[in-house]
Amino acid sequence: MIRAHLPPRRTVRARAAWIAGLVAAVLPVTGCGAEVDRSDKGGKSAEVTVSNCGKDITYTRPKRAVAYDVSGAEKMFALGLGGRMRGYVMNKLGDPSIAGSPWRADYAKVDRLGTERITREIVVNAEADWVLAGWNSGFGEDRGITPALLKKVGIASYVHTETCWDYGSGAADVPPLRALYTDLRAIGKIFGVSPRAERLVAGLKSRVAALKKTWPDKGDPARVFVYDSGTDQPFTAGRHAAPNDIIAAAGGQNVLDDLDKGWTTVGWEPVAKAKPEVIVVVDYAGQSAREKIRYLKSQPAMKSVPAVRNNRFHVISYGDAVSGPRNVKGAEDLGRYLRSVGR
């Protein structure tokens, strides 16, 4: 088991003084990496209200943000907000995604605060004033780090919209790509960089539109199964996880798009019964994509599946597969692969 590296423990007195200061202090925006909206008078702290998971939340402009995993870090980096981050937390399994990221330089400049899961202790010790993570993929009751608990110690938070279906009342059920655009715009507003967010979203949408023009004129979409890991049961993507929309944008159909889950486990039987033509293999540290493909070929239930029989495997980086601006690249790469096999 990988142990998270935690920053040195601060004294109770120091923590109390800091938390009190969060409530009373109004600090100037650092403004590194991204231009603040002109509506932010003189670059000073501004309050903005955005909707997150179906609730309107008012934020004061963050200065010491902490993001969890590739999803959080790269939404921030894509908006030019690395200079306003206190740090990020990412499991070591995500290291290859950092190495292959277009924002490698940002990762190098921003402190890595932990190498396992994010915890309340990490963000409190980091003196964070805002935390970005997903529900049950960062935030969670079982780990004692939730938006409500962070609010009690003066720390604001934002939950990835892709995970809102499983958070609270579940009122915000937003398809993954639309959820990505929602997050980029909301984070842009919170940090005062809305023009940059709008340009980024417009660019991503334009690329998706161009990709759709490459779809075959006739026939049903290619049936695609996502394999993350697992032997007794495969860990895969249901309709709420980013690969569902990545596959759709590429011109395929997730064979489990009727599964009302995000990332989850299923049995091998329903996968085999769905007869996927292509298997998307998620690649990260710990077990190579080659090893995963070898296992899939050896799995008795999968031997008759068209994707296995025809050796149609497409490898996708973890960084492209989780909610973030790289989702569109993941779709483009998959689209090229599908066209290359006549689908």
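This is a guided tour of the structure above, stop by stop, with a selection to make at each one.

**Before you start**

The model is predicted, so local features are restricted to pLDDT of at least 70 and side-chain atom pairs to pLDDT 80 or more, while totals for chains, interfaces and linings use all residues. Residues are numbered from 1 along each chain as its sequence is written, and side-chain values use heavy atoms, with hydrogens and water left out.

**The whole chain**

Show the protein chain as a cartoon: there are 14 helices and 14 strands. Helices (H or I, at least four residues) and strands (E, at least two) are DSSP runs, numbered from the N terminus. Now colour by accessibility. Of the 343 residues, 51% count as buried; buried means under 20% relative accessible area, exposed over 50%, and partly exposed in between, with a 1.4 Å probe and protein chains only. If you plot a contact map, a contact means heavy atoms within 4.5 Å. Among contacts between residues at least 6 apart in sequence, 69% join residues at least 24 apart.

**Stop 1: the disulfide**

Select Cys53 and Cys164 and show them as sticks. Their sulfur atoms are 1.9 Å apart and form a disulfide, a term used here for a pair of cysteine sulfur atoms within 2.5 Å. A search of the whole structure finds one such bond. Cys53 sits in the loop between β1 (47-52) and β2 (55-60), and Cys164 in the loop between β8 (156-159) and α7 (176-191), so the pair ties together parts that are 111 residues apart in sequence. Which hand does the disulfide of Cys53 and Cys164 have? The torsion about its S-S bond is about -75°, so the disulfide is left-handed. Both cysteines are buried.

Stay in the loop between β8 and α7 and add Gly168 to the selection. With 72% relative accessibility, Gly168 counts as exposed. The C-alpha atoms of Gly168 and Cys53 are separated by 8.2 Å, although the two residues are 115 apart along the chain.

**Stop 2: helix α2**

Select residues 69-78, which make up helix α2. How many of the ten residues of α2 are buried? Ten of the ten are, and the helix is mostly covered. Charged side chains are included in that list: Asp69, Glu74 and Lys75 are buried, with these three residue types counted as charged. Just after α2, click on Gly80, which takes a positive phi of about 75°.

**Stop 3: Val322**

Next, pick Val322, in the loop between α13 (318-321) and α14. Val322 is buried, with a relative accessible area of 8%. Leaving aside residues up to four places away in sequence, Val322 touches Asp69, Val70, Ser71, Ala242 and Asn327. Three of these names will be familiar from the previous stop: Asp69, Val70 and Ser71 belong to the buried residues of α2. Measure from Val322 to Pro243 as well: the pair is 79 residues apart in sequence and 7.5 Å apart in space, C-alpha to C-alpha.

**Stop 4: two partners of α14**

Select α9 (residues 242-250) and α14 (residues 327-340). They pack at an angle of about 45°, with their axes 8 Å apart. Axes are lines fitted to C-alpha atoms, for helices over the stretch in contact, and angles run from 0 to 180 degrees between N-to-C directions. That makes α9 oblique to α14: angles under 35 degrees count as roughly parallel, over 145 as roughly antiparallel, 65 to 115 as roughly perpendicular and the rest as oblique. The α9 side of the contact includes Ile246 and Ile247, and the α14 side includes Leu334 and Leu338. By class, the contact residues are eight nonpolar, three polar and one charged.

Now swap α9 for α8 (residues 194-212). α8 and α14 pack at about 15°, with axes 10 Å apart, which makes α8 roughly parallel to α14. Leu204, Arg207, Val208 and Leu211 in α8 meet Val328, Lys329, Ala331, Glu332 and Gly335 in α14. This contact has five nonpolar, one polar and three charged residues.

**Stop 5: two asparagines**

Finish with Asn136, in the loop between β6 (130-135) and β7 (138-139). Its phi is near 65°, a positive value in a residue other than glycine, and Asn136 is partly exposed at 45%. Then go to Asn311, between α12 (306-309) and β14 (313-317). Asn311 has a positive phi of about 55° and is partly exposed, with 45% relative accessibility.
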